[in-house]
Amino acid sequence: MGLGDLSNVSNNPQTLLHIANTSPTFRIQDTTNDFYAHISADDGGNLILDGDAGNGAGSSYISLRTDGTERVRITNGNVMRFYSPDGNSKGYIYQTNSDNFIVEADTSNSIDGDLLLRAVADGGTIQMVCGGNNERLRIKSNGKVTINP
(Lines give C-alpha, C1' and ligand atoms only; values in the text may rest on other atoms or scores of the structure.)
Protein backbone atom coordinates (compact mmCIF):
# COMPACT_ATOMS: atom_id res chain seq x y z
CA MET A 1 0.00 0.00 0.00
CA GLY A 2 1.63 3.25 -1.16
CA LEU A 3 1.23 6.72 0.22
CA GLY A 4 0.44 8.27 -3.15
CA ASP A 5 1.66 11.73 -4.16
CA LEU A 6 2.83 13.64 -1.09
CA SER A 7 4.36 16.45 -3.14
CA ASN A 8 1.65 18.88 -1.97
CA VAL A 9 2.44 18.56 1.72
CA SER A 10 3.02 22.02 3.15
CA ASN A 11 6.62 23.12 3.71
CA ASN A 12 5.38 24.91 6.84
CA PRO A 13 2.86 22.47 8.36
CA GLN A 14 0.39 23.82 10.91
CA THR A 15 -1.07 20.37 11.76
CA LEU A 16 0.05 16.73 11.60
CA LEU A 17 -1.03 16.52 7.94
CA HIS A 18 -1.18 19.80 6.06
CA ILE A 19 -1.93 19.76 2.32
CA ALA A 20 -1.21 22.98 0.43
CA ASN A 21 -2.32 23.30 -3.19
CA THR A 22 -4.54 25.46 -5.41
CA SER A 23 -7.10 22.59 -5.45
CA PRO A 24 -6.44 20.61 -2.25
CA THR A 25 -8.36 17.34 -2.44
CA PHE A 26 -8.24 14.04 -0.56
CA ARG A 27 -9.55 11.01 -2.45
CA ILE A 28 -10.92 8.07 -0.48
CA GLN A 29 -11.42 5.04 -2.73
CA ASP A 30 -13.02 1.65 -2.13
CA THR A 31 -11.18 -0.73 -4.45
CA THR A 32 -14.05 -3.26 -4.54
CA ASN A 33 -15.79 -1.26 -7.30
CA ASP A 34 -13.31 1.63 -7.61
CA PHE A 35 -15.90 4.18 -6.38
CA TYR A 36 -14.48 7.15 -4.53
CA ALA A 37 -15.30 10.26 -2.55
CA HIS A 38 -13.46 13.58 -2.21
CA ILE A 39 -12.85 15.92 0.67
CA SER A 40 -11.60 19.27 -0.59
CA ALA A 41 -11.50 23.01 -0.03
CA ASP A 42 -12.15 25.77 -2.54
CA ASP A 43 -10.25 29.04 -2.85
CA GLY A 44 -12.61 30.62 -0.30
CA GLY A 45 -11.64 28.07 2.35
CA ASN A 46 -15.02 26.31 2.14
CA LEU A 47 -15.13 22.58 2.96
CA ILE A 48 -16.55 20.35 0.22
CA LEU A 49 -17.66 16.76 0.85
CA ASP A 50 -18.29 14.97 -2.45
CA GLY A 51 -19.80 11.48 -2.12
CA ASP A 52 -19.33 9.29 -5.22
CA ALA A 53 -17.32 12.08 -6.85
CA GLY A 54 -16.97 10.12 -10.10
CA ASN A 55 -20.70 9.31 -10.24
CA GLY A 56 -19.88 5.62 -10.53
CA ALA A 57 -22.35 4.15 -8.04
CA GLY A 58 -25.49 6.27 -8.56
CA SER A 59 -28.11 6.79 -5.82
CA SER A 60 -25.25 8.01 -3.64
CA TYR A 61 -25.45 9.71 -0.28
CA ILE A 62 -23.35 11.30 2.43
CA SER A 63 -23.97 9.97 5.94
CA LEU A 64 -23.11 11.81 9.14
CA ARG A 65 -22.78 9.53 12.16
CA THR A 66 -22.06 9.77 15.86
CA ASP A 67 -21.43 6.86 18.22
CA GLY A 68 -21.85 4.45 15.31
CA THR A 69 -25.41 5.61 14.49
CA GLU A 70 -26.49 7.56 11.44
CA ARG A 71 -27.88 11.01 12.39
CA VAL A 72 -28.15 12.80 9.01
CA ARG A 73 -28.18 11.54 5.42
CA ILE A 74 -27.94 13.71 2.31
CA THR A 75 -29.07 11.83 -0.81
CA ASN A 76 -28.59 12.47 -4.51
CA GLY A 77 -32.35 13.11 -4.73
CA ASN A 78 -32.28 16.50 -2.93
CA VAL A 79 -33.30 14.95 0.41
CA MET A 80 -31.69 15.57 3.78
CA ARG A 81 -32.96 12.97 6.26
CA PHE A 82 -32.61 13.29 10.05
CA TYR A 83 -32.61 10.36 12.47
CA SER A 84 -33.69 10.11 16.11
CA PRO A 85 -31.35 8.71 18.80
CA ASP A 86 -32.86 5.24 18.29
CA GLY A 87 -31.87 5.35 14.60
CA ASN A 88 -35.35 5.83 13.15
CA SER A 89 -35.85 8.44 10.44
CA LYS A 90 -37.83 11.35 11.92
CA GLY A 91 -37.50 14.32 9.61
CA TYR A 92 -36.72 15.46 6.09
CA ILE A 93 -35.81 18.59 4.20
CA TYR A 94 -36.21 18.29 0.45
CA GLN A 95 -37.18 19.95 -2.79
CA THR A 96 -39.79 18.42 -5.10
CA ASN A 97 -39.68 18.35 -8.89
CA SER A 98 -42.11 21.30 -8.92
CA ASP A 99 -39.61 23.40 -6.91
CA ASN A 100 -41.61 23.18 -3.68
CA PHE A 101 -39.28 23.30 -0.69
CA ILE A 102 -40.49 21.08 2.15
CA VAL A 103 -39.54 20.62 5.82
CA GLU A 104 -41.22 17.54 7.27
CA ALA A 105 -41.54 16.05 10.75
CA ASP A 106 -42.35 12.37 10.60
CA THR A 107 -43.17 9.59 13.05
CA SER A 108 -44.11 7.06 10.36
CA ASN A 109 -40.60 6.77 8.85
CA SER A 110 -41.62 7.81 5.34
CA ILE A 111 -41.77 10.94 3.24
CA ASP A 112 -45.40 12.19 3.43
CA GLY A 113 -45.26 12.41 7.19
CA ASP A 114 -47.16 13.92 10.05
CA LEU A 115 -46.34 17.62 9.60
CA LEU A 116 -45.17 19.48 6.50
CA LEU A 117 -44.05 23.05 6.15
CA ARG A 118 -44.01 23.74 2.41
CA ALA A 119 -42.69 26.78 0.55
CA VAL A 120 -44.59 26.68 -2.75
CA ALA A 121 -43.01 27.88 -6.00
CA ASP A 122 -45.92 30.18 -6.87
CA GLY A 123 -44.38 33.48 -5.88
CA GLY A 124 -44.43 33.15 -2.13
CA THR A 125 -46.86 30.79 -0.43
CA ILE A 126 -46.12 28.88 2.77
CA GLN A 127 -48.37 25.94 3.63
CA MET A 128 -48.67 23.87 6.80
CA VAL A 129 -49.97 20.38 6.04
CA CYS A 130 -50.87 17.71 8.63
CA GLY A 131 -51.92 14.07 8.52
CA GLY A 132 -51.05 13.15 4.96
CA ASN A 133 -51.93 16.00 2.62
CA ASN A 134 -54.53 17.99 4.64
CA GLU A 135 -53.64 21.68 4.35
CA ARG A 136 -54.36 23.48 7.65
CA LEU A 137 -52.65 26.86 7.17
CA ARG A 138 -51.63 28.98 4.17
CA ILE A 139 -49.72 32.27 4.27
CA LYS A 140 -49.45 34.23 1.01
CA SER A 141 -46.72 36.75 0.19
CA ASN A 142 -49.28 39.56 0.50
CA GLY A 143 -49.86 38.61 4.17
CA LYS A 144 -53.21 36.90 3.64
CA VAL A 145 -53.64 33.95 6.01
CA THR A 146 -56.07 31.09 5.44
CA ILE A 147 -56.83 28.63 8.26
CA ASN A 148 -58.57 25.33 7.53
CA PRO A 149 -59.85 23.60 10.69
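**Figure 1. Valine 72 in strand β5.** Valine 72 lies in strand β5, which covers residues 69–75. The model shown here and in the other views is predicted. With a relative accessibility of 15%, valine 72 falls under the 20% limit and therefore counts as buried. Leaving aside residues up to four places away in sequence, valine 72 touches Ile62, Ser63, Leu64, Met80, Arg81, Phe82 and Tyr83. Isoleucine 62, one of these contacts, is ten residues from valine 72 in sequence, and the two C-alpha atoms are 8.3 Å apart.

**Figure 2. The open sheet and its edges.** The protein chain has twelve strands and zero helices. Nine strands make up an open sheet, in the order β4-β5-β6-β7-β8-β9-β10-β11-β12, with antiparallel pairing. β4 (61–66) and β12 are the edge strands; each has a single partner strand, so one side of each has no neighbour in the sheet. From one strand to the next, the twist averages 15 degrees. Across the protein chain, 17% of the 149 residues count as buried. Of the contacts between residues at least 6 apart in sequence, 0% join residues at least 24 apart. The accessible surface of the chain is about 10300 Å², and carbon and sulfur atoms account for 52% of that area.

**Figure 3. Salt bridges.** Side chains of opposite charge can pair when their charged atoms come close. The structure contains two salt bridges. In one, the side chain of glutamate 70 meets that of arginine 73, with an N to O distance of 2.8 Å. Glutamate 70 and arginine 73 are both buried. In the other, arginine 138 meets glutamate 135 through their side chains, at 2.8 Å from N to O. Arginine 138 has a relative accessible area of 24% and is therefore partly exposed, the class between 20% and 50%.

**Figure 4. Pairing from β8 to β11.** Strands β8 and β9 run antiparallel and are joined by five bridges. Alanine 105 has leucine 115, in β9, as its bridge partner. β9 in turn pairs with β10 over six bridges, again in the antiparallel sense. Here leucine 117 is matched with methionine 128 of β10 as its bridge partner. β10 and β11 (residues 134–139) are antiparallel as well, with five bridges between them. Glutamine 127 has its bridge partner in β11, namely arginine 138, whose side chain also takes part in the salt bridge with glutamate 135.

**Figure 5. The two faces of β10 and the nonpolar patch.** Thr125, Gln127 and Val129 form the covered face of β10, while Ile126, Met128 and Cys130 form the uncovered one. Which residues make the nonpolar surface patch? They are Phe101, Val103, Leu115, Leu117, Ile126, Met128, Ile139, Val145 and Ile147, and the patch has an area of about 730 Å². Ile126 and Met128 of the uncovered face of β10 are thus among its members. At least two patch residues come from each of β8 (101–105), β9 (115–120), β10 (125–130) and β12 (145–147). Valine 103, a patch residue, sits in strand β8. Its relative accessibility is 35%, so valine 103 counts as partly exposed; this value also passes the patch cut-off of over 30%.

How values were computed
Residues numbered from 1 in each chain as written. Predicted model: local features only at pLDDT ≥ 70, side-chain atom pairs only at ≥ 80, totals over all residues. Heavy atoms only, no water. Patch = residues over 30% accessible without salt bridge, like charges linked within 9 Å, V, L, I, M, F, W, Y side chains within 5 Å. Areas by Shrake-Rupley, 256 points an atom, 1.4 Å probe, with all protein chains shown as cover. Salt bridge = Lys/Arg side-chain N within 4 Å of Asp/Glu carboxyl O. Helix = DSSP H or I, 4+ residues; strand = E, 2+ residues; numbered from the N terminus. Buried < 20%, exposed > 50% of the residue type's maximum accessible area, 1.4 Å probe, protein only. Pairing = 2+ DSSP bridges. Axes fitted to C-alpha atoms, helices over the stretch in contact; angles between N-to-C directions. Contact = heavy atoms within 4.5 Å.
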